[in-house]
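Work through the exercises below with the coordinates open. Try each task before reading its solution.

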Amino acid sequence: MAKTTTTFVCQECGANFTKWSGKCFDCGAWNSISEFKVAKPTKGDRSAKGLGAGELNAGDLAAKSLSEFDENGVGKGTRYSSGFSEADRVLGSGFLPGSLLLVGGEPGIGKSTLLLQFLGALSAAGEDCLYISGEESGAQVSARARRLGITALDKLKFLSTASLETALAAVDTTAAKIVVVDSVQTLYSDAIESAAGTVSQVREITQNFLRAAKTKNIIAILVGHVTKEGTVAGPRLLEHMVDGVFYFEMAPSGGFRLLRGQKNRFGPTHEVAVFEMGSHGLRQVDNPSARFLEERAKDTAGSSVVAHLEGSRPFLTEFQSLTQKCHSGFPRRTVQGVDQNRVSVLLAVIERSLRYSFSDVDVYCKVASGARLEEPAADLPVLTSLLSAALDKPIPSNLIVMGEVGLGGEVRGVPGVGARLMEARSVGIDRAIVPASNLKEAKEVAGIRLESISNIRQLKELLAWPNKMEKRPSKKEDPSQFEDLGF
Ligand code: TYD
Ligand code: MG
């Protein structure tokens, strides 16, 4: 067994310390630091073999100017398709050899299924694949592979082991181009005394597969279970070591599963692919917007369509508002899916610019698909929804609005207007109100009747909405409360 040395590691973030302390100086977590024995690198390990360098010869040890290096191979080279065009987009046109990826997600979300389907596509394309599982037997995985319709089973090698050393030996002997380790928490290295799943074990395994990916120019994918706190064990530690981090998670509204790029050295970040689980595994959802809007409440006041970007991918979802006469004297603002402060700001802007008062109504808002709308581009659809609810006037169901709203009621341009409009058009929306500064870009999308505004006052004119809120029946209602103050 290799020599060991003692180190103190934060179980939350994976930071290393030479001494124990009650609080992690890196992430601030309390009582998270434990003592670990880690393998001391041998002289051989400490040789000049840098990661990604492969086998070096003496000439490589001298410093060279950057222009002398061949850029090919970094972020370039032949990509391997995962078999799903949407997943390829999230990965950055598919898998790149020489990269180590981490796929995280809660137990039961479908990580093993997704990766087996990836391997199914890669093996069908003639690539040698290796699936290493510390959780399931060969019979189980074989039965699942058949159910998933994977045909090139000869090309797909399987190894059930919990030993890192055995796993690495299999990577050598099978000469696989793509290796999946399911999961990083179930493997352990003999060189380390702590149990499988601890930070020092996970780090050791990750380092070994990183070396294997770089020196053999293979694609290595580690599956990581997400802990109760919602993080892969030692998240910051692992995320820094790997080339890409992808999370597989339930869409907030349930039903769909999302593959989300969190970090990607060789591709785009924050891209999202939508999947759904069926009896024969995961299926890509090609038009999630239509599905998100399927049950939209048409001709109902307070319902607006929002086009939000996840990475460069536009998604459409429904935003809903409801206003109710407040009887308590303390108007409520109950908000889901957007920041409550943002709704308060928009209410204040409406009050100031359009002179409608929300001071004696309760306001309830939610995003129908369960998405979180963080983008400024959602300001205008949220504001339109609030106004529509207050006036009890439905927003036309063929209309989409987008834009950032400033405190003076001015409407500012937003990025990705073309992509948002094209997505809207795909679900049959044929009218859009866009910020004036985006009109030129918007005009490039055919088939949508465009109107542009630079202030929210123009919005009300375009929608031909009245100057007064509808009076709600109430015994104690003060007739002057919704008075039009001259808008
Ligand atoms: P799994 O991939 O094992 O999840 P993870 O590896 O993330 O823990 O599978 C998750 C669930 O998917 C499991 O409850 C069974 C279900 N499932 C289907 O509904 N259809 C299928 O074809 C397969 C293979 C699994
Ligand atoms: Mg699994």
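**Exercise 1. Two backbone outliers**

Task: locate the loop that holds Arg 355, then state the sign of its phi.

Solution. Arg 355 sits in the loop between α8 (340-354) and β16 (361-367). Helices (H or I, at least four residues) and strands (E, at least two) are DSSP runs, numbered from the N terminus. Phi of Arg 355 is near 60°. That value is positive, in a residue other than glycine.

Task: find which residues a cis peptide bond joins.

Solution. The bond links Asp 182 and Ser 183, with omega about 5°. Ser 183 belongs to the loop between β7 (178-182) and α5.

Before going on, note the conventions. This is a predicted model, where local features need pLDDT of at least 70, side-chain atom pairs count only at pLDDT 80 or more, and totals for chains, interfaces and linings use all residues. Residues are numbered from 1 along each chain as its sequence is written, chains are lettered from A and ligands numbered from 1 in the order in which they are written, and side-chain values use heavy atoms, with hydrogens and water left out.

**Exercise 2. A helix pair**

Task: describe how α4 and α5 are oriented to each other.

Solution. Start with the axes (lines fitted to C-alpha atoms over the stretch in contact; angles run from 0 to 180 degrees between N-to-C directions). Those of α4 (residues 164-174) and α5 (residues 199-216) come within 11 Å and cross at roughly 10°. The two helices are therefore roughly parallel (angles under 35 degrees).

Next, list the contact (heavy atoms within 4.5 Å). From α4 come Leu 164, Ala 167, Leu 168, Val 171 and Asp 172. From α5 come Glu 204, Ile 205, Asn 208, Phe 209 and Lys 216.

Last, sort by class. The contact residues divide into 6 nonpolar, 1 polar and 3 charged. Ala, Val, Leu, Ile, Met, Phe, Trp, Tyr, Cys and Pro count as nonpolar, Asp, Glu, Lys and Arg as charged, and the others, Gly among them, as polar.

**Exercise 3. The ligand shell**

Task: which element gives the most residues to the shell around ligand 1?

Solution. α2 does, with 3 residues. By class, the shell has 4 nonpolar, 8 polar and 4 charged residues.

Note on methods: Parallel < 35°, antiparallel > 145°, perpendicular 65-115°, else oblique.
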